[in-house]
Amino acid sequence: MEAGQEQVLLGQEGCQLTKINYSVQKSPSTAYNLYHAGKLDGTILDAQASKQLTKSKGYTIRKVANTQYLQFNLKKYSKFKSTNLRRGISMAINRSSLSKTLGATYKAATTLTSSGLTTVNGEDFTKLAASSEAKKYTSYNKQLAKQYFETGLKEEGLSKLFFTLLASDDDTSKKLAEFVQSQLETAFGDKITVKVQSIPSKTKLNRVLAGNFECTLYGWIADYADPISFLDCETTGNSYNYGSWSNKEYDKLIAASKTSSGEAHMKLLAKAVMVKPGGNSFNSSQQGLDDQEQGQGHYLQQCRRLLQLQVCLHR
């Protein structure tokens, strides 16, 4: 949503919002200072502030159906085509450490689909999709990662892998990209060189759309409470499948899920996840401060909750 865009949101009785002034700040500390000065009604906190301000008035944790992951440009760069190489990269990244680095409410991902999106027979969908194989390739295992990676290098006829990781230039994206860079170079030593290139989000998107990238840090927020909102993005030819990954079995399972419902629908999606485990995915949720001062506090809080629902589920 751009700054100044108008939208009417109706929710609980007496809650009507007719205009939103949205301010984009690359630095969470700048946004917090503006909030503290009374110039913003709410802001997202960085890792340090989220730890320091847990008891502050207006501190709110909001779950967001968002997953961040790496997309390799398989169409343009054959060096990424080895499944073993990509598995090695996935297993070299300590997701638990990453979530702690980014902030208290970021969670390690085990599938492309974010946790907390939907349930099947009372259990989170990600548990249904968490096969032993999926857990293997999303678990941190430096020794096994090195074995897979070196096998992948041989398969591609390479002695070393060099690539540029494209990321947005906001603080969180830069931290995430630099963490991945550090993990891979620590795990594989002189067998890999990762260059991080952080650029404005709009410029990054244009480059990705044009296929002008090697590997990019990408994120998806569910449009609605169904795992297919994530999984459909990775089907062959999907406009959001920027890396051009393709698998016939995966495509068939996703197609079949679209003609089924209920538990059968979810089981087909779970099988699709097993075809493509959450290899290079990172889960995220966000936390922020809401201005609850004076008599408007409850009113503003209810409106913002509705706005969050709109943004997450109907963008």
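A polar contact here is a pair of N or O atoms within 3.5 Å, where one must be able to donate a hydrogen and the other to accept it. With that in hand, the cap on helix H11 of this predicted model is easy to spot. A side-chain oxygen of Asn247 lies 3.0 Å from the backbone nitrogen of Glu249, and Asn247 thereby caps the N-terminal end of H11.

The helix itself, residues 248–257, has a clear inside and outside. Its buried residues are Tyr250, Leu253, Ile254 and Ser257. Looking down the axis of H11, these buried residues fall within an arc of 95 degrees, so they line one face of the helix. The general geometry fits: an α-helix has 3.6 residues a turn, so residues three or four places apart point the same way. On the face of H11 turned away from the buried side sit Lys248 and Lys252, which are exposed. As for what covers the buried residues of H11, the list includes helix H10 (228–231) and helix H12 (262–275).

Next come the aromatic rings. A pair of aromatic rings is described by the distance of the centres and the angle of the planes. The count comes to eleven aromatic pairs. One of them joins Tyr77 and Phe80, with 6.4 Å centre to centre and 70 degrees between the planes, an edge-to-face arrangement. How do the two partners sit with respect to the surface, and which of buried or partly exposed describes Tyr77? Tyr77 is partly exposed, because its relative accessible area is 23% and buried means under 20%. Phe80, at a relative accessible area of 0%, is buried.

Another pair brings the story back to H11. The ring centres of Trp245 and Tyr250 are 5.1 Å apart with the planes at 80 degrees, so this pair is edge-to-face too. Trp245 counts as buried at 11% relative accessibility, and Tyr250, one of the buried residues of H11, has a relative accessible area of 1%. Beyond pairs, one aromatic cluster is formed by Tyr69, Tyr218, Trp220, Tyr240 and Tyr242.

Some of that cluster falls in two strands that pair with each other. Strand E4 spans residues 59–72 and is mostly covered, with twelve of its 14 residues buried. E4 pairs with strand E9 (residues 215–221) in the antiparallel sense, over seven bridges. Within this pairing, Gln68 stands opposite Gly219 in E9. In a regular strand, the side chains alternate between the two faces of the sheet.

How values were computed:
Residues are numbered from 1 along each chain as its sequence is written. Side-chain values use heavy atoms; hydrogens and water are left out. Rings of Phe, Tyr and Trp (its six-membered ring) pair if their centres lie within 6.5 Å; planes under 30 degrees apart count as stacked, over 60 as edge-to-face and the rest as tilted. Buried means under 20% relative accessible area, exposed over 50%, partly exposed in between (1.4 Å probe, protein chains only). Helices (H or I, at least four residues) and strands (E, at least two) are DSSP runs, numbered from the N terminus. The arc is that of the directions from the helix axis to the C-beta atoms. Contact means heavy atoms within 4.5 Å. Two strands pair if DSSP finds at least two bridges between them.
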